[in-house]
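This report introduces a protein chain to a reader who has not met it before. The sequence and the structure are shown first, and a description of selected features follows.

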Amino acid sequence: MSPMFSKVRGAGLKPALTVGALGAVAIIAWGTWAREANDDALADVSREAAIPTVRLIRAAPAEAGGKLVLSAEIQAWNTADIHARTNGYVDRWLVDIGDAVREGQILAVLDAPELDLQLAQARAQHQTALADLALARATADRWSALLERDAVSRQAAEEKAGALAASAAVADAARANVQRLAALRGFTRLAAPFDGVVTSRSAEVGALVTAGVATTPLFTIADTRRMRVQVRVPQSASADIRPGMQAELRLPEAPGETFSARVTRSAQAVDGRSGTMLVELQADNPQRRLKPGSYAEVAFPVTGGGGVVIPASALILGRDGPRVASVDSSGRASLTPVRLGRDHGRTVEILDGVRPGTRLINAPPDALAEGDPVRIQQQPPQGRTHAQD
């Protein structure tokens, strides 16, 4: 190849290389711009998706009065676990669960052969002590008469008198031991402490029983003519509950039926762990329809404390206490602390912090914070409830 041809070819390649380089730079610049534009679009989409869509409800005015319904536990007026006071074997049992018993009625009889032998031995020792006491008394009287005639020394007569006193003390101890064993012997006949119903029985014929309360009771007796109803009242409603107040008692097994109960006493103290006060009611139970240990609901007639009613789902519960969320004019969330009143289950009373008609966020997101932007869900026109917009 001639030098002249090489020079011509080199001169033709330079423009082509320049155009190719400019094209590559343009492609790289366009790709960078497209990627940045795509990132900006994705960021806009992410920011838009991060804005929660919320549904608003309106706070409804609380009713001037109503009923406070709380869970309660029914207990017998008196309950007694019957344990054995002496060791022995069950000879026979005379009542079973569900039987009505009277005060003093025999429930079961125990066989205690060892106790019978101990009682026989104690009675024999008591007779021996009485014989020794009689001999000591006769000896002391005789020596006292001899002392009057100066036939014996005063020291000897006083010794006989001391022996008489010691014999009397031994006889008293023997008599007390007989009485103790006789009382234990009486405990082999288990009796009902009051009128009631047998709610449990574990006594079986031939079973060995031991004295003490660490074992399973042989019987459980419950006085169900009247019942105690214990309920824990929230502190916010404790001022409305007074002794003598009438309340309604409702049972799951008797839907639509109510029983009358009367407040008899309260603990007059609020449990710091639950924020409630223990209240006890009394209910007559002539037909034995109220059962010890059963669950019930108590409806107290209470006076409304004002405020508003909102769905329980609108509450935000956290370390800062109960709060509600609303939407300001700029479309951002505003969190407001509130003071709670009565809890009706699905709805709760707000005593302070919210006015009737306030538009609140229903079921606010857990991560919602003060000033976060929100989007209000648009709902088609339909029937409204007392707490929905």
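The model is predicted. One residue pair gives a starting point: Ala 60 has Val 309, a residue of strand β15, as its bridge partner. The two strands concerned, β2 and β15 (residues 308-311), pair in the antiparallel sense over 2 bridges.

This pairing belongs to an open sheet of 4 strands, in which the order is β2-β15-β19-β18 and the pairing is antiparallel. At the edges of the sheet stand β2 (60-61) and β18 (339-343), each of which pairs on one side only. In general, strands of a sheet pair through backbone hydrogen bonds, either parallel or antiparallel.

The chain as a whole contains 21 strands and 3 helices. Of its 389 residues, 31% are buried. The chain exposes about 23,600 Å², and 54% of that area is supplied by carbon and sulfur atoms. Among contacts between residues at least 6 apart in sequence, 75% join residues at least 24 apart.

How many aromatic pairs does a search of the whole structure find? The search finds 0 such pairs. Aromatic rings do, however, take part in another arrangement, in which a charged residue lies over the face of a Trp; the table gives two cases.

| Charged residue | Ring | Distance from the ring centre |
|---|---|---|
| Lys 160 | Trp 143 | 5.2 Å |
| Arg 228 | Trp 77 | 4.1 Å |

Thus Trp 143 has Lys 160 over its face, and Trp 77 has Arg 228 over its face.

Note on methods. Residues are numbered from 1 along each chain as its sequence is written. This is a predicted model: local features need pLDDT of at least 70, side-chain atom pairs count only at pLDDT 80 or more; totals for chains, interfaces and linings use all residues. Side-chain values use heavy atoms; hydrogens and water are left out. Two strands pair if DSSP finds at least two bridges between them. Rings of Phe, Tyr and Trp (its six-membered ring) pair if their centres lie within 6.5 Å; planes under 30 degrees apart count as stacked, over 60 as edge-to-face and the rest as tilted. A charge sits over a ring if NZ of Lys or CZ of Arg is within 6 Å of the ring centre and within 35 degrees of the ring normal. Buried means under 20% relative accessible area, exposed over 50%, partly exposed in between (1.4 Å probe, protein chains only). Contact means heavy atoms within 4.5 Å. Accessible areas come from the Shrake-Rupley method with a 1.4 Å probe; for residues, only the protein chains shown count as cover.
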